[in-house]
Amino acid sequence: MQNFDYCTPTRLIFGKDSVEKLPEVMKPWKRILLTYGGGNIKKLGLYDKVKELLKDFELYELSGIQPNPKYNPSVLDGVKICKEKNIDVILAVGGGSVLDCSKAIAAGAKYDGETWDLITYKVKAKEALPIVDILTLAATGSEFDCGGVISRTETNDKIGYLDPVLFPVCSILDPVYTFSVSKKQTAAGCADAMNHVMEQYFTSDTTLLNDGFCEAEFKSLMENARACLRNPEDYRARAEMMLCCTYGCNGILSLGNSPSGWPCHAIEHALSAYYDITHGEGLAIITPRWMKHILSDKTIDRFVKYGVNVFGIDKNLDKYEIANKAIDETYKFFESIGIPMHLKDVGIDDSRIDEMAHHIAVNEGLDQAYVPLMEDDIRSILLASL
Ligand code: NZQ
Ligand code: ZN
């Protein structure tokens, strides 16, 4: 078991009508930057609700934050507003993209230089504005972690930016606001969270405790995603889905495990950077191909455990039979919830595979992953995903 030093300082307020606590949460501050995406929060009535609850505060707005949030214009515009209006706190209302963009803004607002230098770790942020969020989509776990993923279109970069100063102060999670999430985004959110758990489960040094947490996550995510797709207004299913996703990405499922290098995320981030695809769909496509690629005598026992404990495959079968069945079950699950399972289905052909494989190999450090991946390995996984 590895040493660790762990702290997640985020307050979670979970459940129906939890948004009513917003004025109390925002009490320490006066000038708020409200950030949101393309308008779903208006359709949900959440925008009006927030304005009503915060009528005694000074409210400024940044709207139009896109999926795979962009450095230019969203982060830059947000930083500008924060500096000009002397903003005290950011209130992010939306999915992971709105939260991630708000985290980069929060850091940039407290820095005199170019925010990109913080995102690329050229400079370490000393502080950030406080962030509060109201989550409307279960997927990324951004509400409970200190990371944000920002895209810079002109350089095909999509960079995961982690810093403890970026933990939200408080995340408000009302599953009712996720009833309206489309089937496509519900499935992609489930695939994203499934992969967050896999990135922690598939590594060399784990504990029984963490394996148990992860296996429960897999089972709950699959069962509740199916229930949400059958009935989008199933409160219990949306609620459990939301909590599973919240736990998925802040490291709590793998305290003491050896690091894995998060290989599928590293590969997917390049796909999103080059083609602006939906993160969870890219992950679902890559995952089974990555699994096939890394299956060997060294990794077989992990796959056997996954297959037996998550999918109930007969433990008396040959080990490779169990492992291959487990990989097939993973593929079939993603397919069954409606995810397109080939890169060509999401508009990606073979024309830039070499370029992406090179970009990933140079920038993502996957030679240090659980199973090290060199440029040729990455190219093979991408080609198998076509
Ligand atoms: O733009 P709006 O109007 O808000 O619509 C969004 C968007 O079109 C919509 N949506 C959100 N809540 C809704 C809703 N539609 C109907 N009803 C609701 N209640 O859904 C669409 C997708 O939203 P987005 O925020 O992009 O999705 P998600 O939460 O999956 O976030 C994906 C981003 O997070 C990053 C991904 O790379 C990607 O850029 N990630 C962030 C992580 C983190 N911070 O820890 C970890 C992840 O691995 C991931 O990389
Ligand atoms: Zn993810």
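In this predicted model, the zinc ion (ligand 2) is held by four residues: Asp-192 through an OD atom, and His-196, His-265 and His-279 through their NE2 atoms, at 1.9 to 2.2 Å. Read along the sequence, these donors follow the spacing D-x3-H-x68-H-x13-H. Two of the histidines deserve a second look here. His-196 belongs to helix 7 and His-279 to helix 11 (residues 279-294), so this pair ties together parts of the chain that are 83 residues apart in sequence. His-196 and His-279 are both buried.

Both of these histidines come up again with ligand 1. His-196 is listed among the closest residues to ligand 1, together with Gly-96, Ser-97, Asp-145 and Lys-158. His-279, for its part, has an N or O atom of its side chain 3.1 Å from an oxygen atom of ligand 1. His-279 is thus a zinc donor as well as a polar neighbour of ligand 1. Further polar contacts to ligand 1 involve other parts of the chain. A polar backbone atom of Gly-39 sits 3.1 Å from an oxygen atom of ligand 1, while the side chain of Asp-100 brings an N or O atom to 2.8 Å from a nitrogen atom of ligand 1.

How much of ligand 1 does the protein cover? On its own, ligand 1 has 960 Å² of accessible area, and the protein covers 90% of it. Four elements each give two or more residues to the surrounding shell: helix 5 (96-108), strand 6 (147-152), helix 7 (183-201) and helix 10 (263-275). The shell as a whole counts 31 residues. Sorted by class, 18 of the shell residues are polar, 9 are nonpolar and 4 are charged. Domain 1 (11-178) and domain 2 (183-385) each supply at least three residues to the shell.

Away from the ligands, several asparagines offer local detail. Asn-250 is placed in the loop between helix 9 (235-248) and helix 10. Is Asn-250 buried or exposed? With a relative accessible area of 10%, Asn-250 is buried, because the cut-off for that class is under 20%. The side chain of Asn-250 makes a polar contact of 3.2 Å with the side chain of Tyr-6. A polar atom of the Asn-250 side chain also lies 3.2 Å from the backbone oxygen of Phe-144.

Two more asparagines stand out for their backbone angles. Asn-68, in the loop between strand 3 (58-62) and helix 4, has a phi near 50°, a positive value in a residue other than glycine. At 8% relative accessibility, Asn-68 is counted as buried. Asn-86 likewise has a positive phi, near 50°, and is found in the loop between helix 4 and strand 4 (89-94). Helix 4 itself (residues 71-85) includes Pro-73, and the peptide bond leading from Asn-72 to Pro-73 is cis, with omega near 15°.

Thr-178 is another loop residue, located between strand 8 (170-173) and helix 7. A relative accessibility of 2% places Thr-178 in the buried class. A polar atom of the Thr-178 side chain is 2.6 Å from the backbone oxygen of Pro-175.

Two helix residues complete the picture. Ile-353 is part of helix 14 (residues 353-363) and is buried, at 1% relative accessible area. The C-alpha atoms of Ile-353 and Ala-193 are separated by 26 Å, and the two residues are 160 positions apart along the chain. His-293 lies in helix 11, the helix that also holds the zinc donor His-279. Whereas His-279 is buried, His-293 is partly exposed, with a relative accessible area of 30%. Between the C-alpha atoms of His-293 and Ala-384 the separation is 9.3 Å, with their positions 91 residues apart along the chain.

Technical notes:
Residues numbered from 1 in each chain as written. Chains lettered and ligands numbered in written order. Predicted model: local features only at pLDDT ≥ 70, side-chain atom pairs only at ≥ 80, totals over all residues. Heavy atoms only, no water. Near = heavy atom within 4 Å. Polar contact = N/O pair within 3.5 Å; in protein donor to acceptor, adjacent residues only side chain to side chain. Areas by Shrake-Rupley, 256 points an atom, 1.4 Å probe, with all protein chains shown as cover. Nonpolar A, V, L, I, M, F, W, Y, C, P; charged D, E, K, R; others polar. Domains from an automatic or database assignment. Donors = N, O, S within 2.8 Å, 3.2 Å for Na, K, Ca; no water. Buried < 20%, exposed > 50% of the residue type's maximum accessible area, 1.4 Å probe, protein only.
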